[in-house]
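User: I would like to go through this model and ask, for each description, what it rests on.

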Amino acid sequence: MTAAALTSPDAVAPAVTTVALADSPDLLRLLPRDGALSWVRRGEGLVGWGEADRLEVSGPGALAEAAAWWADRSAGLVVDDGVGVPGSGPVVFGSIAFDPAAGTSVFVVPEVVVGRRADVTWLTTTGDVDPREVLAAAGPLPPAPARLRYADGVLDPASWCSAVAAAVARIDDGDLAKVVLARDLLVTADAPLDPRRLLERLADRFPDCWTFAVDGLLGATPELLLRRTGRELSARVLAGTAPRGAGAEDERLAVGLMDSAKDRAEHALAVDSLVRALDPYCTALSVPDGPSLLTLANVRHLATDVTGTQRRSGRRGSAGLLELVDAVHPTAAVCGTPPDRAAAVIAELEGFDRGRYAGPVGWLDADGDGEFGLALRCAQLSDDDPCSARLFAGCGIVAGSDPAAELAETQSKFAAVQAALES
Ligand SMILES: C=C(O[C@H]1C=CC=C(C(=O)O)[C@@H]1O)C(=O)O
């Protein structure tokens, strides 16, 4: 490892230093138990810990406030970035409420970040941190809890199915075309839940997902809401889901998903919502003619990868990632169509506050570049009880949705975090 001086003797502002590392440590293995921050896929991405700065924000204009806060904070740093790739230099991790006007969004500037992109690995430190201590080998993980107990969240399965049936009736009446309804599930272990264990297990089992952690919300999401690298934008939209099966049944389910008019209609609404919101910011947007299949260990999804080039001029040309996220969220992958009516149905039928579940989660650098996924397949660790967490899973409801099949879909989705907790 090479390390530059962490503080400039003349500096009055906090110093941020990025140095390249010769070693390629397993990023998730570096995390401490407390305050873990993560955005990792296939061994690449960012992990962080410590808090050099923090913003909790809520209310109308919350994301504009957060963007202004980060622009101000990052402009005030003395930066020595010897690596110069997206994610090196100053970064902030963010986990945004599903409804940023009502819920609290959290932004954390870590004291330490270790990142990897292709064959470059780097270490970024803020302020007075000794880089030699940073890479000290992490201790062994504690064993998995011997016993886990699950309990219904706000709605038991029968009540949730009634909510789905009520949503289908609203759709049949023409009130709306789609709404995403979610459930929560409570889990309590016989020992404190270790976020590092959960993240490692999720990353092993879901290599195509982004393993995230911000302020106690942990998961592995397959859905990329938006990535910005300079003027290049990309997203992976998911909607339409089928379970996995054994042997030939698995193939039959995959073909069934591709051929399902209901799932294709549900998917098209999600793609349209993203494209409509992104279009004013772009000179060019590329959207494949039809979806492809994304195969995960627990489920399959219809997936569409959208790419675009941001305008060069005007207010929309200067929009950073947070402004773009504000414009596109919530898509119909997590809310519905039309969004205002879907949000009202969610508030009425779901029965719980989503908090940061189904909100954007990811990271941002000082140039306004970064990546935000949607916080799906996740657990919110309890602030009060280190042995407890709350799991979330939701499904798009459209005309023809069957409550029992949607319930089974939530169970398949919960299984991602459940398997990670149990192994
Ligand atoms: C809302 C969730 O999934 C969304 C993303 C992918 C597929 C979905 C579906 O098929 O219903 C949902 O729109 C969730 O996993 O909690």
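The exchange below takes up the domains, a helix and the ligand shell of this predicted model.

User: Why is helix α4 called largely enclosed by the rest of the structure?

Analyst: A residue counts as buried if 20 or more other C-beta atoms lie within 10 Å of its own. Eight of the 11 residues of α4 (195-205) meet that condition, so the helix is described as largely enclosed. The buried residues are P195, R196, L198, L199, E200, R201, L202 and A203.

User: What do the buried residues of α4 pack against?

Analyst: Their partners are the strands β2, β12 (210-214), β13 (217-221) and β22 (378-381), together with helix α10 (403-422).

User: How do you know that domain 1 and domain 2 touch, and which elements take part on the side of domain 1?

Analyst: Contact requires C-beta atoms within 7 Å, and 17 residues of domain 1 are in contact with 20 residues of domain 2. On the side of domain 1, β2 (37-41) and α1 (62-75) each give two or more residues, and α1 gives the most, with four. By class, that side has 12 nonpolar, three polar and two charged residues.

User: What makes up the shell around the ligand?

Analyst: The shell holds 18 residues, of which L238, T241, L376, G394 and G396 are the closest. At least two residues each come from β11 (178-189), β15 (232-243) and β23 (388-397). By class, the shell has 10 nonpolar, five polar and three charged residues.

Conventions:
Residues are numbered from 1 along each chain as its sequence is written. This is a predicted model: local features need pLDDT of at least 70, side-chain atom pairs count only at pLDDT 80 or more; totals for chains, interfaces and linings use all residues. Two residues are in contact if their C-beta atoms, placed from the backbone, lie within 7 Å. Ala, Val, Leu, Ile, Met, Phe, Trp, Tyr, Cys and Pro count as nonpolar, Asp, Glu, Lys and Arg as charged, and the others, Gly among them, as polar. A residue is near a molecule or strand if its C-beta atom, placed from the backbone, lies within 6 Å of it. A residue is buried if 20 or more other C-beta atoms lie within 10 Å of its own, exposed if 12 or fewer, and partly exposed in between; C-beta atoms are placed from the backbone.
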